[in-house]
Amino acid sequence: MNISLFLQTIIGGIGIGSLYALIALGYSMVYRSMGLVNFAQGSIYMVGTYFGIIWYMGMVMGLHVPYPVALVIGILLNAVLGVLLERVFRPLAKLDLMFMLLGTIGLGFVLDNLFIIIFGAEGFAVDSPLPNAPLEILGVKVLPQMLLLIGGSALLMIGLQVFLKRTRSGKAMRASAMDNEIASAMGIPVNRMNALTLAIGSGLAAAAGILAAPIVYVNPAMGSAVGLKGFAAAILGGLGSIPGAIAGGLLFGVLEAVSAGYISSSYTRGIAFLIMVVVLMVKPSGIVGEVTVEKV
Amino acid sequence: MSYPAAGSARKRLTIAKALALVVVGCVLLAFPFIAQNRYQVHIINMAGIYILISLGLNIAMGYAGQFNLAMGALWGVGAYTAAILNTKLGVPFWLNLPASMVVAGLMGAIVGLPSFKVRSHYLAIVTIGLGEVINIILVNEQRLTGGADGISRIQMPSLFGFPINTDERYYYLILAVVLLGFFVARQILRHRIGRSFRAIRDDCQAAKAMGVNTAYYQILAFVISAAYAGAAGALFAHLNTYISPDIFEFSSTLFIMTMTMVGGMGSLVGSIVGGLALPVLQEYLRVIRNWQLVVYGISIMIVVLFIPGGVMELMRRLKSSRSLRWLWSSHSEEETFQPEETNVPGN
Amino acid sequence: MFLEIEGLTMQFGGLSALKDVSLFVREGEIHGLIGPNGSGKTTTFNVISGYYKPSGGKISFQRRNITGLPAYRITATGFARTFQNLRLFKSMTVLENVLVGMGHLAKTGLWQEILNPIAVRREEKGFVQKAMKLLELLGIANLAEFPATSLSYGHQRRVEIARALGTDPKILLLDEPAAGLNEVESEDLRETLVKIRESGVTIFLIEHDMKLVMGMCDVITVLDYGRKIAEGSCEHVSSDPVVIEAYLGKEEHP
């Protein structure tokens, strides 16, 4: 077996897996703090990508904003979107799963199609901010952009952990997520914490999309496929668990890459889903384990 | 507790109901002649097919509480079974219909297996995932399914030599199957099976304590819903004469879920209402193209947030609202039940 | 022996909920299971009725080993139970709740439901009659068509019992049937339970209401911290120092 090809495949898998992981984090964090399964997460990812990329690609008044700046703008704008969406999600979170799903899916439809109306259904390719030539590390060819995606995602995930464990807001968020009622009794504004969670989840999704944009084709439909897989990854790791989301996302990505490279590219998606089903049958609460919330 | 005028009010109500049924029956039978053009009949034909799938989804999800989100894919399984049998082996529609139901039913059982181990959130994604797997197989098994190109030149059915080759004639076929499907569903859900389903949905543990073999009934719910989807698939394949995998993607499952919810999850009549309303509405909204889906999305959210029980709930609310009571009773006390009975001691 | 439990042990992770509990219930008895909170009474019921697989021990009913059988099979063997916190089927009427339990007695299968509606309807009529008789026994026949959860608490408790009886049991496990009932209702409950026993159903109940327990039970088993600490007639148990200590000890050392 060709080792360097295998490593290349794995790295590609980690790259895509990082994307899934960031999206899965959004699902798990929101589920944990609000008890909401947010099927609009894929659309939020798409919206966030556009929010950043349009500045970078000179689509806003011809300005060509440097990539890192565009990344930050995209994250911030999407975070604002997340805060606004908290109002909509509040009533949805109280509903039965079936209605919650459909309600968030409806929201996703609205976002997807608004962007089709604004930007057209045709997507576009994004120029890479880094040189295109693949780097060679230990005999393995890697695209610089892939490294950027993996590195950037890792930094964000570490940043998230630091925020949650070390800062006051982070700890307040965790308290609120564990038990709404007690947190509320302690003076923690639950709704604001939820808005913060959504802001972070949306921001991460935007980052994922902007980092991945030069690799992935950008168009308004990019959200639905990724959204579903991100959800599957979150469930695979255990819905509500942050390490679970990361593990699930990475695993899903690697599984996809390996099956695309070695088994059959056309059955890729099917195999990844199938493995998720099998894992859930064996350990119904996911790899790391489900974390639920005590709702008020 | 006597209501002097109750008798005549009730009689008026039954006469009104009977009259309404007769009118509806006439409209149903005469529809292809009333319709303005063939396209309208085709829309209603498609609505009929969707109603059938929606009935299936309602049985599994509305009554038994089982998240079967692979309905679109199961519809596809039914359609492809009929298509393959017909184009490769020349099997006629009348045999394909039961064949599709059986094959889809078996697939439904497989899709339903995880329901023993996995709870609702997870069951939802698992059935979506399994549905995806089915769809991917349909796209990839070129030799069997024609891959992304699909299967064409499926023959339209004929009844003892009388060809059912127009939308108008096909309408009666669909009407018959839908009516049959509706009444069979009603019959099944009326007695033991329906109660066991609802018991599982209300409280699975308590159901087990009452002797309900929950595993059996859960799989049964999946199989029955899949059989309905399968029948719809056969009907669709022979109507459209061409099928391709993209028709049965997850978006179709969403469409069916939406119509079932809008009509009223947990009510068979709701499936009919939703199954008729949504495809028809979709046609009217087609003019605004992309805004169509935005409107669609917003409407879903409104229904979910304000009228989760769908049209049937709306009707129930209207029925018990005081302002409209004059429509059907002269005595305002008649339809309210009084659950007082606070502390009635003894026998 | 009717119901025989030998050496029952139940562990949840590191926690031992039941330790080597043995007891037997004779046919036609009204057998009480008492003990301070957390002594493992409901756990015992949950194991017997098949929700938990015991970590050790054996449960036999009418000399057949039923240890580890799934809950619905145990019901089919002749057990019925009620729950501490009412678990009625909220979407159903009182009558429908009772009818659910009769499903496992039905002789008509799926195909008959579709193809032979007449036989099904006949069987259903039989079931409805049986159900109405049960509701009459519990004094709530006039509430048959009401949504089960719209009734008062006391009435809902009766529906629970009627529903359990609908499964045609030989032995009825009642988990705190008097919880939340006032004096009058408790007395009615006692009368009803005596009537049920007279109709041939053995009763095994968990209760905190000592008046009810002492006034009705033939035999009482006492648990504490997952172990059996006493057993015998009401007089014997109520004067047993070990039992008194177990209850008092809980009060003095919270």
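**Chain contact and two helices in a predicted model**

In this predicted model, the contact between the chains takes 34 residues from chain B and 33 residues from chain A.

Biologist: Which element gives the most to the side of chain B that touches chain A?

Modeller: The elements of chain B that give two or more residues to the side touching chain A are α5, α11 (250–263) and α13 (290–306). By class, that side of chain B has 25 nonpolar, seven polar and two charged residues. With 13 residues, the element that gives the most to the side of chain B that touches chain A is α5(B).

Biologist: How many residues of α5(B) are buried?

Modeller: Helix α5 of chain B runs over residues 120–140, and its 21 residues reach 30 Å from the first C-alpha to the last, close to the 30 Å expected at 1.5 Å a residue. This helix is largely enclosed by the rest of the structure, because the number of its 21 residues that are buried is 18.

Biologist: Is A:Met173 buried or exposed?

Modeller: A:Met173 lies in helix α6 of chain A, which covers residues 168–178. A residue is buried if 20 or more other C-beta atoms lie within 10 Å of its own. Since A:Met173 has 24 C-beta neighbours inside 10 Å, it counts as buried.

Biologist: What separation is there between the C-alpha atoms of A:Met173 and A:Met193?

Modeller: Leaving aside neighbours within four places in sequence, A:Met173 is in contact with A:Ser33, A:Leu164, A:Met193, A:Leu196 and A:Thr197. A:Met173 and A:Met193 are 20 residues apart along the chain, and their C-alpha atoms are separated by 5.6 Å.

Terms used: Residues are numbered from 1 along each chain as its sequence is written. Chains are lettered from A and ligands numbered from 1 in the order in which they are written. This is a predicted model: local features need pLDDT of at least 70, side-chain atom pairs count only at pLDDT 80 or more; totals for chains, interfaces and linings use all residues. Helices (H or I, at least four residues) and strands (E, at least two) are DSSP runs, numbered from the N terminus. The expected span of a helix is 1.5 Å times one less than its number of residues. A residue is buried if 20 or more other C-beta atoms lie within 10 Å of its own, exposed if 12 or fewer, and partly exposed in between; C-beta atoms are placed from the backbone. Two residues are in contact if their C-beta atoms, placed from the backbone, lie within 7 Å. Ala, Val, Leu, Ile, Met, Phe, Trp, Tyr, Cys and Pro count as nonpolar, Asp, Glu, Lys and Arg as charged, and the others, Gly among them, as polar.
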